[in-house]
Amino acid sequence: MDNYVAIQKRVPVVATFSMGSERVICTPVKMRYNGQEIIFTELGLRHPTSKGKRMVHVFDVTDGQTDYRLEFDAASLRWELISAWEVPS
Amino acid sequence: MNLSLNTEEPNIMHIDLNSCFATVEQQARPHLRGKPLGITNRISPHCCMIALSYEAKAHGAKVGMSYPEAKALAPGLVVLETDPPKYHYAYQKLAAIMKSYSPNITMKSIDEGIIDFHGTRQAIHRRSLESIGYEIKQRLKDELGSWMRCNIGIAPNRFLAKLAAGLHKPDGMDRIDSTNLRDIYDSLKLTDLPGIAEHYQARLNASGIFTPLEFLEATSDTLRRFVFHSVVGEDWYRRLRGWEADDAKTNLGIVGRQFVMDTRTNDEAIILPRLHYLCQTTGMKLRFNGVSARGVIVWAGFANGEGWYQRKMFKTTFYTDQEIYRRALLLFNTRPKHMKIASLGITCYQLNPSTRSQVSLLDTINKAEWLTQAVDTINDRYGTFTVTYANALEGKKVVKQKIPFGGTKYFELLLKRA
């Protein structure tokens, strides 16, 4: 966990919303952070979790260099970048 | 008892996610795939590996090893802390997939479960269980991710299904029935059988049983009277032959929590917040199960290797955090106070269905119960520990949530606390 950085900042995210077999599937495509556009190359896992009564969707994504953890608050419709983790070589 | 092998067509399927926590983390972080990965509850220089990826296991690292031990065997080992909501999501997905084939499923732990197909074969058009097994493997990949794998075992009873699921890891699928049972046993050691570890092996060896086949040939009387000295021997006689011996329902007997101290000390300013937090989470478990307790055990392991415990059965039942802590403290104050504590735990026993809905004649009791209900309601809405005891705050910071390996009955509760 040497390359782990906690961030916890709101970020603008472009995401697609497509209809799955049971529900709408949200997939983050890119975000802007520190003035840079970061394009995601793979979505590892998405999973929901609750914070009290709030539902938050967690997305583990990567741009090929760094893994990011994004959270999408289903009530406020806000994205938050929780952490980044540079991939060890 | 004299039973032949069970010749029934297999109707039990055991599904086991491979190295569950590590695999889910590798699914979430593509760059960890194919690399040695360890999962621990709290990262520290000597933390314990509670899960390892297959790549780490291939180097000889084993679950239960300390970080330095595992790292020495698996160079480049990456260690992550547990992330329960992720594993719960995988668990929920697995359970949902299993339920789509039969209403009779049992989740044995966070990463394994059983589908009982008795009575439901018609509904699945009498498809073979192997065909359903391959479908489940594919659905797991489709719904969770391409890195997810599972072992599947098919057999006439739970024991053989679990044995079959462990024959070809990772991503295997095997069937054991009366036609190949002896061949399978012939290829295994006693300790390869689920439920047989060194202790039972020694008992069996003492009775002249050294292989699974000899275990199978032993009579029910031998196993009951000379090996296990109880009805446990008859259960083994049945399960080895493919007859069901493991479908009994168990009742909740005790509820508790324990903690290995982050600092070995006899300083109450450090110990009591941790004890208070343990009492608080024990109270949450009691209320989650809708039970009250009458007895409390408080125990401590000391830095010099000695142990201490005190237990007491009370006249009245209790389930509020205040009452648990008050009673635990009564007992805890009788410990040898000069001893430095290395581990600490509390257990509530003599559990009965809760009488929370009944109003007491004593107003002080009612107030304590209403306060607990109000706090629980607030915490359910805004997140657990939004309202908590000031004295337990320090404990909350250091006592980390654990992953329940043995059962899944507290999972919903744990998620609230995640």
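Two residues are taken to be in contact here if their C-beta atoms, placed from the backbone, lie within 7 Å. With that in hand, let us walk through chain B of this predicted model.

A good place to start is the meeting of two helices, H1(B) and H4(B). From H1(B) come B:Cys20, B:Phe21, B:Val24 and B:Ala28, and they meet B:Lys86, B:Tyr87 and B:Ala90 of H4(B). Six of these contact residues are nonpolar, one is charged and none is polar. The two axes come within 10 Å and cross at roughly 100°. Angles of 65 to 115 degrees count as roughly perpendicular, so that is how H1(B) and H4(B) lie to each other.

Both helices also turn up where the chains touch. Chain B gives 18 residues to this contact and chain A gives 16 residues. On the side of chain B, the elements with two or more residues there are H1, S4 (78-81), H4 and H14. By class, that side has eleven nonpolar, four polar and three charged residues.

Next comes helix H13(B), residues 321-332. Its twelve residues, at 1.5 Å each, should span 16 Å, and the end C-alpha atoms are indeed 16 Å apart, so the two agree. Buried in H13(B) are B:Asp321, B:Glu323, B:Ile324, B:Tyr325, B:Arg327, B:Ala328 and B:Phe332. These buried residues pack against the following elements of chain B:

| Partner element | Residue range |
|---|---|
| Helix H12(B) | residues 268-288 |
| Strand S10(B) | residues 291-302 |
| Strand S11(B) | residues 307-318 |
| Strand S12(B) | residues 341-349 |
| Helix H14(B) | residues 363-382 |

H14(B) thus appears in both settings: it packs against H13(B), and it gives residues to the side that touches chain A.

Technical notes. Residues numbered from 1 in each chain as written. Chains lettered and ligands numbered in written order. Predicted model: local features only at pLDDT ≥ 70, side-chain atom pairs only at ≥ 80, totals over all residues. Helix = DSSP H or I, 4+ residues; strand = E, 2+ residues; numbered from the N terminus. Expected span 1.5 Å × (residues − 1). Buried ≥ 20, exposed ≤ 12 C-beta atoms within 10 Å, placed from the backbone. Nonpolar A, V, L, I, M, F, W, Y, C, P; charged D, E, K, R; others polar. Axes fitted to C-alpha atoms, helices over the stretch in contact; angles between N-to-C directions. Parallel < 35°, antiparallel > 145°, perpendicular 65-115°, else oblique.
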